[in-house]
Amino acid sequence: MPCCVAIGCSNSDKKRYLMKHFPRDPIRKKLWMAKIKRDKWTPSQHSCICEVHFEENMWEKTREDGSRRLKCNAFPTLFSFTKIIKQRKPPLERSNVSHPYHIHMIQLEKFTLFQIQYIFLKI
């Protein structure tokens, strides 16, 4: 029953999380180790990391049998020490109706500077 090796994560296959073993390729293994950020630690052949630490775009499409596989170039990125960037909402559509103050400013553009000063001094 492997447990997740990520700091602060207690997920395991016992809790029904999908666990992924470290890659055998030494270069990819070093990349995974760097992403996990554990000091003075090397993974054993039984070390695993849970599915929670992989972004959605790191997974292949779900297969017909319901299994999920990581893409060949996938690496873990989601940890308790990483900052999650929220997606911004799309901007609201603006109507052609301008703000009342804006309308007054447009109307003032017709006047000269001297006339504008005179108008504001009278108010």
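Reader: How many helices and strands does the secondary structure of the protein chain come to?
Author: Happy to start there, and keep in mind that this is a predicted model. Along the sequence, the elements of the protein chain follow the pattern β-α-β-α-α. Counting them up gives three helices and two strands.

Reader: What share of the residues in the protein chain is buried?
Author: A residue counts as buried when its relative accessible area is under 20%. The protein chain has 123 residues, and the buried share of them is 24%.

Reader: Which side chains meet in a salt bridge?
Author: A search of the whole structure turns up one salt bridge. Its N to O distance is 3.2 Å, and a salt bridge needs such a pair to be within 4 Å. The two partners are Glu 51 and Arg 68.

Reader: How many residues apart in sequence are the parts that this pair ties together?
Author: Both Glu 51 and Arg 68 lie in the loop between β2 (48-50) and α2 (100-108). The pair therefore ties together parts whose separation in sequence is 17 residues.

Reader: Is Arg 68 buried, partly exposed or exposed?
Author: The relative accessibility of Arg 68 is 26%. Buried means under 20% and exposed means over 50%, so Arg 68 counts as partly exposed.

Reader: Over the face of which ring does Arg 68 lie?
Author: Besides meeting Glu 51 in a salt bridge, Arg 68 lies over an aromatic face. The distance to the ring centre is 4.1 Å, and the ring belongs to Trp 59.

Reader: Are the rings of Phe 54 and Trp 59 stacked or edge-to-face?
Author: The structure holds four aromatic pairs. In the pair of Phe 54 and Trp 59, the ring centres are 5.9 Å apart and the planes stand at 75°. Planes over 60 degrees apart have their own name, so this pair is edge-to-face.

Reader: Which residues form one aromatic cluster?
Author: Phe 54 and Trp 59, both buried, belong to this cluster. The full set is Phe 22, Trp 32, Trp 41, Phe 54 and Trp 59.

Reader: Which element supplies the largest share of the lining of the largest pocket?
Author: The largest pocket holds about 350 Å³ of space and has 15 lining residues. Both β1 (19-21) and α1 (26-36) supply at least two residues of this lining. The largest share is three residues, and it comes from α1.

Reader: How many residues of that lining are charged?
Author: Nearest the centre of the largest pocket lie His 21, Phe 22, Pro 23, Arg 24 and Arg 28. Across the lining, five residues are nonpolar and three are polar, while the charged ones number seven.

Definitions and conventions:
Residues numbered from 1 in each chain as written. Predicted model: local features only at pLDDT ≥ 70, side-chain atom pairs only at ≥ 80, totals over all residues. Heavy atoms only, no water. 1 Å grid on protein atoms, 1.4 Å probe; cavity = no way out; pocket = protein on both sides within 12 Å on 5 of 7 lines; lining within 4 Å. Points joined across faces, edges and corners; volume = space filled by probe spheres on them. Helix = DSSP H or I, 4+ residues; strand = E, 2+ residues; numbered from the N terminus. Nonpolar A, V, L, I, M, F, W, Y, C, P; charged D, E, K, R; others polar. Buried < 20%, exposed > 50% of the residue type's maximum accessible area, 1.4 Å probe, protein only. Phe/Tyr/Trp six-rings, centres within 6.5 Å; stacked < 30°, edge-to-face > 60°. Lys NZ or Arg CZ within 6 Å of the ring centre and 35° of its normal.
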